[in-house]
Every structure is written in C-alpha cells, then in structure tokens.
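Please open the model in a viewer and keep the selection panel at hand. The tour below proposes one selection after another and states what is to be found at each stop.

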Amino acid sequence: MKKTFIIGYPKGGVGKSILTWNLAIAIQQQNIKVRVADIDFQQTTFFANKLRAVTDKELLNIESIHDIQDLEEFLNADFDGITFIDIGGYDTELNRLALQSADNILIPYSSDPTEIIGLLTFGKIIEQLEIDMSKIKVFLNQIHSNTKKIEIIKEKISKSYPFFLNSIIRRNNDIKLSIGNGLGVVELTKKNNKAKLQIEDLANEIINLKG
Ligand SMILES: Nc1ncnc2c1ncn2[C@@H]1O[C@H](COP(=O)(O)OP(=O)(O)OP(=O)(O)O)[C@@H](O)[C@H]1O
Ligand SMILES: [Mg+2]
C-alpha cells in the first residue's frame, strides 16, 4: 500500500496540519503504517508529536524536512504504507516538489471567499506543474453542523475542481483542541464523539483511494 497524500494546498490556515495529524493517527490505529513529512517551517505536526511523547500513545513517524534533497530521499526510501506531506501555506520549490510527488492532493474546503480565491491561484500552480486533475479531490471541512446545503457549497468550485470526496468534516472544537494534548480526536474517550466518526470516515475513504 504505497500511497502519498497531501492534505491541502499552498494557502494558510485551511486545516492542512490539523487534518494530517488526525488522519495519521486514525490510520495508524488501523495498524496501517503511516509516516509524515513535515516540510512547513512552522513544524506543527512535528512538534505535536513531541507533545504526544508525554501521553501513553504510540508516537507517529514524523520527520521534519526542509530541503529538496532531503525530501527526495525521504520519498524514495523504501516504505510500504501511507505517507502524508504537511506542506506550508505558501508557494515554494519544496512545496512544488511535494505537490508533484503526491498520488493524491486532498483539498479541505469551507467555501470561505478567501479559499475560493486561493483555489484560483492554486489552479495556476496545478497547470504549471502539469498535475493531473484526477489526483485532486475536494472535501468539505469546517462546515457548520447546521449547514445542510452541501450541494450549493460544492457548486461554487465544481467547474474548476470536479472531483469530491464524500466525507465531510464539520467545524468541531475537539478537532481544534486535541492536538494541543498530543492526541487525535479518534483517541478522545467521550460519548457522542462526532468528530471521531467523521475523521474515521475520511481516513477510510483515503485508504481506499487509488494510489
Ligand atoms: N474541522 C475543524 N474544526 C475546528 N477547527 C478547525 C477545523 N479545521 C481546521 N481548524 C482550525 O483552523 C486553524 C488552521 O488549521 P491548521 O493549522 O491545520 O491549518 P494549516 O492549513 O495547516 O495552516 P498553515 O498554512 O498555517 O500551516 C486551526 O486553528 C485549526 O484548529
Ligand atoms: Mg500547517
């Protein structure tokens, strides 16, 4: 099962790190090998793993990578599992190499106007890098729990980004806060853990995507 995923695109604050973190934990829970290349200078997932070291949970395999040669070596290393690359919210050569290397680029989308603009700019990068559009899949993130008009939200970008995942991640405080304790939402022991079910759905959808 060799598959490489990027959650997000080069725009700040769309949920790249928080979702990479939660998905990596959810997939590792299924006894599937997971590794993460954290190539953002903020090192969100890399440091979250340091917080995890004081919990009783198994650490994630997260490497902090800052140059092209190291990323190439990381990606070429023998690894039979799922690789996530947590990219930064800006356009760099390193991010471009990551985008070109990914089997799937999964775009969290909340229909915020700045995201629509960000996706237009990303369209130019996709064109320049000649990335096949079928590798790019959008899923809804940070959608309010009351929002039902999913098709209307999708419509706004479906001409430019025609491929969608079915899973929807709602805006949820457990998703926001659990990383601060080194945990994923799937590990929270609470009743009615809606975020857990949503992250598990997305994880399963990802595992079953073609690599
Ligand atoms: N489904 C969600 N529910 C609640 N909060 C969310 C959700 N998705 C993202 N967020 C919040 O949005 C903010 C940005 O998320 P995150 O840091 O993962 O984005 P990013 O794309 O990695 O940003 P950057 O480009 O700065 O690396 C965080 O506060 C995060 O907790
Ligand atoms: Mg980030």
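Helices (H or I, at least four residues) and strands (E, at least two) are DSSP runs, numbered from the N terminus. Axes are lines fitted to C-alpha atoms, for helices over the stretch in contact, and angles run from 0 to 180 degrees between N-to-C directions. Two residues are in contact if their C-beta atoms, placed from the backbone, lie within 7 Å.

With these terms in hand, select helix α8, residues 194–207: α8 lies across β1 (3–7), β6 and β7, and runs at about 160 degrees to β7.

A word on the model itself is due here. The model is predicted: local features need pLDDT of at least 70, side-chain atom pairs count only at pLDDT 80 or more, and totals for chains, interfaces and linings use all residues. Residues are numbered from 1 along each chain as its sequence is written, while chains are lettered from A and ligands numbered from 1 in the order in which they are written.

**The sheet**

Select the strands next. An open sheet of 7 strands appears, in the order β3-β2-β4-β1-β5-β6-β7, with parallel pairing; two strands pair if DSSP finds at least two bridges between them. At the edges stand β3 (62–64) and β7 (164–170), each of which pairs on one side only. On average, neighbouring strands of this sheet are turned by 25 degrees against each other, direction ignored.

Zoom in on β2, residues 34–38, which is joined to β3 by 3 bridges, the two running parallel. Here D38 stands opposite S64 in β3.

**Ligand 1**

Which residues come nearest to ligand 1? Of the 20 residues around ligand 1, they are G15, K16, S17, I18 and G89; a residue counts as near if its C-beta atom, placed from the backbone, lies within 6 Å. At least two residues of the shell come from each of α1, β6 (136–143) and α7 (173–178). The greatest contribution is that of α1, with 3 residues.

Colour the shell by class: 4 of its residues are nonpolar, 12 polar and 4 charged. In this scheme Ala, Val, Leu, Ile, Met, Phe, Trp, Tyr, Cys and Pro count as nonpolar, Asp, Glu, Lys and Arg as charged, and the others, Gly among them, as polar.

**Helix α1 and its neighbours**

Keep α1 (residues 16–28) selected and add α2 (residues 44–52): the two pack at an angle of about 45 degrees, with their axes 9 Å apart. The pair is therefore oblique, since angles under 35 degrees count as roughly parallel, over 145 as roughly antiparallel, 65 to 115 as roughly perpendicular and the rest as oblique. The contact is made by S17, T20 and W21 of α1 with T44, T45 and A48 of α2. By class, this contact has 2 nonpolar, 4 polar and no charged residues.

Now replace α2 by α8. The axes of α1 and α8 come within 9 Å and cross at roughly 75 degrees, and α1 and α8 are therefore roughly perpendicular to each other. From α1, the contact takes N22, L23, A26 and I27; from α8, it takes I199, E200, L202, A203, I206 and I207. These residues divide into 8 nonpolar, 1 polar and 1 charged.

**Helices α3 and α4**

For the last stop, select α3 (residues 68–76) and α4 (residues 93–101), which pack at an angle of about 20 degrees with their axes 10 Å apart. That makes α3 roughly parallel to α4. I68, L71 and L75 of α3 make the contact with E93, L94, L97, A98 and S101 of α4.
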